[in-house]
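I opened this notebook to record a few lookups, taken one place at a time.

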Amino acid sequence: MPPEGAQPGLGRPGAGPRSHLPREARDTLFLLAVIAWVILPQLGNLPPWCGALAAGVLAWRGWLAVAARPLPGRWWLLGLLALTLGATYATHRTLLGRDAGVTLIVVLLTLKTLELRARRDAFVVFFLGFFTMLTNFFYSQSLPTAAAMLVALLGLLTALVNAHLPVGRPPLVQAMKTAGSLALWGAPVMALMFLLFPRLPPLWGIPGDAMSGRSGLSASMQVGNLARLALDESIAMRVRFDGPVPPQQDLYFRGPVLSQFDGREWRPLQPRLGSRFSPGLGGRANLQPLGAPVRYEVTLEPSNRPWLFVLDAAALPPTLPGLSSFMTAELQWIASQPITDLVRYRAESHPVFRHGPLSAAALWPEYRELPPGFNPRTLQWATELRRAHGDQGDAALVRAALDRLRSGGYLYTLEPGVYGEHSADEFWFDRKQGFCEHIASAFVVLMRAMDIPARIVTGYQGGERNPVDGFWVLRQSDAHAWAEVWLAGRGWQRVDPTSAVAPGRTGAFQRLTPAPGAVAAVLGQVSPDLAASLRAAWEALNNGWNQWVLNYTQSKQLDLLKRLGFSSPNWQDLGLLLIAIVVAASLGAAAWTLLERRRQDPWLRLLARARQRLAAAGLALPAQAPPRELARALQPLPPTQRQALQDWLLRLERLRYAPGAADSPRPGLATLRREFRKLPWPR
């Protein structure tokens, strides 16, 4: 950046082409490029007009710098500001909050570049850039976002360092090296603040006032919804088992239970007075765990839903720091508030269990209800099945339906076509193909038509183990729907009709996947295992970021203090420890600086650096050589280079041995030290 009072971009009108840009134009273009990099990750979160305005203003400002044109007047800026304020209010219906605030910050940052006339204006742009950089974490705290913002930080630091360099044309590489060293020196301080700065809600964390919807399971199910999720390879959760992993056919992670059907859509039962939706009434599920428990830890991605997915079935609440949870009568665990951030919780489940009432009198009638006027052929077939097998009990009717799925030519596919009004009839008698929700829905309709209580359970099934970090990964494509039927004397029993059509879906990780893209197809031809290995490594790296950075909570801070010897630490102890370390480090740095100053004269240290530069170029000189002798040893160098170095060495000598000379101004040691970095030292 130019010195105070200089006007970047204001060159001679009509000036012809130059061999290189003036420093003002070069520095301005570099700063504009850094600002564009800061804003780029936000484009998906900004209104379209804001992204277009930012790109247009930055391009305009770059053209003004290259063409050496004057900057727009104040009325231009006021008009653009008023226009953007109106557009922001029209878009968000407010000027406050996260989304509106980020929009205004981006607008102000780009408009400020149009009045970049002096160094003080540049400093305002720098600090607006730092703040805008932080707003990226309002929307994503992922590893790619952090890496992109690290590049932005180095870019802004480079521009800031460059603005403090003296007049001339210092290379940007020099400013980048200084910025990099500053970042490295500051890294221990940042790590210390991360470890010990007290995380006090609600001050700590990312505001979720306008969290956008995320892909994942829904609170209702229309036939075809889960098929769309099967194309989503994003991670839903990661699981780490304490011991052996249960068989894959037992990995059912329970989510919403759907029991009301209107002919097209399945929904949960509506809450009623004294119902299972009241906290603390989980015991009404009549859950009876059988066998040894399975203990595990879940890292759940944000879903903006209160659901906690656990392996069927968990009798004890998941250990979720900062949140409470309760179990419904349908075995679903629900948190006290929606999951808007990455959370980690421990749970204990019993893959073998029994639950629900043992007599039909305690069942709600909704588990048998069907809407009138839908699926007449299924109802007729149910009557025939009941007539043929009814005397053998309800379990025989369930087996008969599963036998029909195994031997009737049914197909498991992502593209069964669009189902109409009578979805169960179409599945059983016409199309005979579908995804898991088509199969589960048709199966439950058939069960209810035979007067067997039944419901749909949605969640995730299966998953795969990441060979790099050992975590069990469940993706949105592992979303699944299965059925539960009630049998007298046995309670609710899981029945997965999809496994009758495609046993590999639940037993051998045989998922339906879309056709690979161009890059994946090429990688598959080069090395079939390369793409899978790269994805596993990347996901393991992201998981490490989630576990050690995003999930570093106050409880982990307090655990750290316990390991350091605190008996019952709290957040005040964190603050006191942080202050003590900062004070001790500051005193140590001050003592080291004073010791260095006393140990060696600053003038001698600067002379030694000059001698080292010349020695590195092959000009060996004795350690006691004064500046004048060093200047005489420069004869082999080109005249221009030799003259600049000799002039600097003689001024260094004059500072030491002729401080009172009046024939020329006496430079200070700080000035000579700054000039040292710009000199054309031989290489």
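For the entries below I count a contact when heavy atoms lie within 4.5 Å. I keep in mind throughout that this is a predicted model.

Entry on Gln641. I looked up Gln641 and found it in helix H21, which spans residues 639–657. Setting aside residues up to four places away in sequence, I noted that Gln641 touches Pro680, Trp681 and Pro682. I then asked whether Gln641 is buried or exposed. Its relative accessible area is 18%, and because buried means under 20%, I entered Gln641 as buried.

Entry on the positive patch. Which residues form the positive surface patch? I listed Lys177, Arg609, Arg613, Arg673, Arg674, Arg677 and Arg683. The elements that give two or more residues to this patch are helix H19 (602–616) and helix H22 (669–676). I followed up one member, Arg677, and placed it in the segment after H22. With 42% relative accessibility, Arg677 counts as partly exposed, since that class runs between the 20% limit for buried and the 50% limit for exposed.

Entry on Phe123. I located Phe123 in helix H5, residues 119–135, and with a relative accessible area of 23% I recorded Phe123 as partly exposed. What does Phe123 contact, leaving aside its neighbours within four places in sequence? I found Leu160, Ala163 and His164. For one of these partners I also noted the separation: Phe123 and Ala163 are 40 residues apart in sequence, while their C-alpha atoms are 8.6 Å apart in space.

Key:
Residues are numbered from 1 along each chain as its sequence is written. This is a predicted model: local features need pLDDT of at least 70, side-chain atom pairs count only at pLDDT 80 or more; totals for chains, interfaces and linings use all residues. Side-chain values use heavy atoms; hydrogens and water are left out. Patches are made of residues with over 30% relative accessible area and no salt bridge: like charges are joined within 9 Å, nonpolar side chains (Val, Leu, Ile, Met, Phe, Trp, Tyr) within 5 Å. Accessible areas come from the Shrake-Rupley method with a 1.4 Å probe; for residues, only the protein chains shown count as cover. A salt bridge is a side-chain nitrogen of Lys or Arg within 4 Å of a carboxyl oxygen of Asp or Glu. Lys and Arg count as positive and Asp and Glu as negative; His and the chain ends are not counted. The place of a charge is taken as NZ of Lys, CZ of Arg, CG of Asp or CD of Glu. Helices (H or I, at least four residues) and strands (E, at least two) are DSSP runs, numbered from the N terminus. Buried means under 20% relative accessible area, exposed over 50%, partly exposed in between (1.4 Å probe, protein chains only).
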